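Trainee: I should like to go through this structure and ask on what grounds its features receive their names.

Mentor: Please do; we shall set each value against its definition.

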Amino acid sequence: MSGIVFHQQQVVFPSHHCKCCSVPRIKGERVGFPYLQHGYAASCPKFVKLSPHAVVGGSGGAQYSEQWLDARKKQKREKIAGVDQDELLDPLLLADADSCFCEFRGVQIHHKVYDAESQSNNAESQSNNSSQSHTISQVAHNSSWKLGLPMILLHGFGASVYSWSRVMKPLTEVTGSKVLAFDRPAFGLTSRVDASTYLSTGTNDAKPLNPYSLAFSVLATLHFIDFLASEKIVLVGHSAGSLVAVDSYFEAPECIEALILIAPAIFAPNATQKPAEQDKAGRENQTEGEISNSNMLAKPFIKIFEILLKFITYITQAIVQMTKGMTDMLNLMYKKTLSAILPSAFGVMLIRVIIDKFGRAAVRSAWHDPNQATEHVLNGYTKPLRAKGWDKALAEFTAATLANAQSESTSPLSKRLSEISCPVLIITGDNDRIVPSWNAKRLSQAIPGSCLEVIKNCGHLPHEEKVVEFVSIVYKFLHGAFGDQKEPSLQGAVV
């Protein structure tokens, strides 16, 4: 209300009339707050919009202050992707009943482990009438053969251990061993550490790795291989987790028995096409008798045209190379600038805006049928947004990813794919909107001897959308690679 100045319990009216209504006031009159509240204020429709800077005394004023503060708290309550941000918790307090934590290089890594023996005991003690569970069990029990090797699952960007919840138990039956999944730093319930503080703890001779770097995730993967006390394991990576899986293979190939890459977010090189040898030979063996007189007359013009064509081609290639060089330079500058901005307060704010606007929509778009991304699924993906420091950690992770992309520009992973010698299975959905299936096909051509499986009516999440078919494909691959080399009978196993 303009024209009114609050002073503790009394109000001074400097004008004859309230400017927001026609109620007469006596110039210089002082009115106590209760009287104002029940008298003059009752006739003023804008009284409820009192200035928050007013200092009010008395019991009535105290009650008003409490109500006003409660209203302000409700207004200030912020949500990101539907998750309340006013009371963020330590990740330990968000843990599930089967959650485990272990410290690795100062980071508390959240993980879950499922064991084949304990799962079989649980299955005997608990009856499950689900047709899907029955079918999955049928896949695993079609043969008495078991791989006998543990399996480690690596989630993709924005995901967590939760994304493996539908297949961890079935995979224990397929492997006949332990299956472990862990949250990579910046995701899930793994602790969020401040990267600048963390990196400052080392010495010049032994600087610690950035906990949000690809190299750190690779070392964490090798740590869990030792944790499982197994000489060899099967490594499974989904989306960006496939990059961690492949890098882990190159770091310790003797420990990786097989790789399974699901919707792999690994850029695949174009397949090199061989020249048509027969056409070339035909042109070389062409005799002069086969050339008509008209062609003979046009030959000088053809020669001139060929020279011009070569010259134009040369100039075009030079321009393309120059443009590519400029593009690469600008791209490098862009990445360096962005990686410097992201850890700042502005970068963190940007991350929060992006997650709020597109987080839940991105999860839905990952499914072939977005309706399958139920509220339960969305809550599972957004639960980590309740952890303290999630935004800063995600910004640090993105900056570290850009820095890794800069270092890989000199020796890209795509040039080393042909060096993979262990059995490799690549699984993709035919309707993957995030990593198109054609990239998986190129990747299978770049990795010698790899197997490619395309699941129909499936998006970016085969292990969540098509659980039974996914488990069947994994069983078939492992049995074919390490069993009696005979294709297992899976008829009736896939629904």
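**Grounds for the terms used**

Mentor: In this protein, residues 24 or more positions apart account for 71% of the contacts with a separation of 6 or more. Please keep in mind that the model is predicted. Its secondary structure comes to 16 helices and 13 strands, and buried residues make up 40% of the 495 residues.

Trainee: What makes strand β10 largely enclosed by the rest of the structure?

Mentor: Strand β10 covers residues 233–238, and six of its six residues are buried, so the strand is largely enclosed. Ile 233, Leu 235 and Gly 237 point one way, while Val 234, Val 236 and His 238 point the other way. In a regular strand the side chains alternate between the two faces of the sheet.

Trainee: How do you know that β10 and β8 pair?

Mentor: Two strands pair if at least two bridges are found between them. Strand β8 (residues 151–154) and β10 have four bridges, in the parallel sense, so the condition is met. One of the bridges joins Ile 152 to Leu 235 in β10.

Trainee: What makes β10 and β11 a pair as well?

Mentor: Six bridges, again in the parallel sense, link β10 to strand β11 (residues 256–262); at least two are required, and therefore these strands pair. His 238 has Ile 262 as its bridge partner in β11. From β10 the chain crosses through helix α8 (residues 240–251) to β11, and this β-α-β crossover is right-handed.

Trainee: Why is Ser 160 called buried?

Mentor: Its relative accessible area is 7%. Buried means under 20%, so the term applies. Ser 160 is found in the loop between β8 and α5. Leaving aside neighbours within four places in sequence, Ser 160 is in contact with His 155, Asp 183 and Gly 188.

Trainee: Why is Pro 208 called partly exposed?

Mentor: Pro 208 has a relative accessible area of 22%. Partly exposed lies between the limits of 20% and 50%, so that is the term for this residue. Pro 208 lies in the loop between α6 and α7. The C-alpha atoms of Pro 208 and Tyr 198, ten residues apart along the chain, are separated by 7.7 Å.

Trainee: What is notable about phi in Ala 229 and Ala 263?

Mentor: Most residues other than glycine have a negative phi. Phi of Ala 229 is near 55°, a positive value, and Ala 263 has a positive phi of about 45°.

Trainee: Which of the terms buried and exposed applies to Ala 229, and which to Ala 263?

Mentor: Ala 229, in the loop between α7 and β10, has 71% relative accessibility; exposed means over 50%, so Ala 229 counts as exposed. Ala 263 sits in the loop between β11 and α9. The relative accessible area of Ala 263 is 1%, under the 20% limit, and therefore Ala 263 is buried.

Trainee: What makes Leu 350 eligible for the nonpolar patch on the surface?

Mentor: A patch residue needs over 30% relative accessible area and no salt bridge. Leu 350 is partly exposed, with 33%, so the area condition is satisfied. Leu 350 lies in helix α11, which supplies the largest share of the patch, six residues. Among the other members are Ile 341, Phe 346 and Phe 358, and the patch has about 630 Å² of accessible area together.

Key. Residues numbered from 1 in each chain as written. Predicted model: local features only at pLDDT ≥ 70, side-chain atom pairs only at ≥ 80, totals over all residues. Heavy atoms only, no water. Patch = residues over 30% accessible without salt bridge, like charges linked within 9 Å, V, L, I, M, F, W, Y side chains within 5 Å. Areas by Shrake-Rupley, 256 points an atom, 1.4 Å probe, with all protein chains shown as cover. Salt bridge = Lys/Arg side-chain N within 4 Å of Asp/Glu carboxyl O. Helix = DSSP H or I, 4+ residues; strand = E, 2+ residues; numbered from the N terminus. Buried < 20%, exposed > 50% of the residue type's maximum accessible area, 1.4 Å probe, protein only. Right-handed = clockwise from strand over helix to strand, strands pointing away. Contact = heavy atoms within 4.5 Å.
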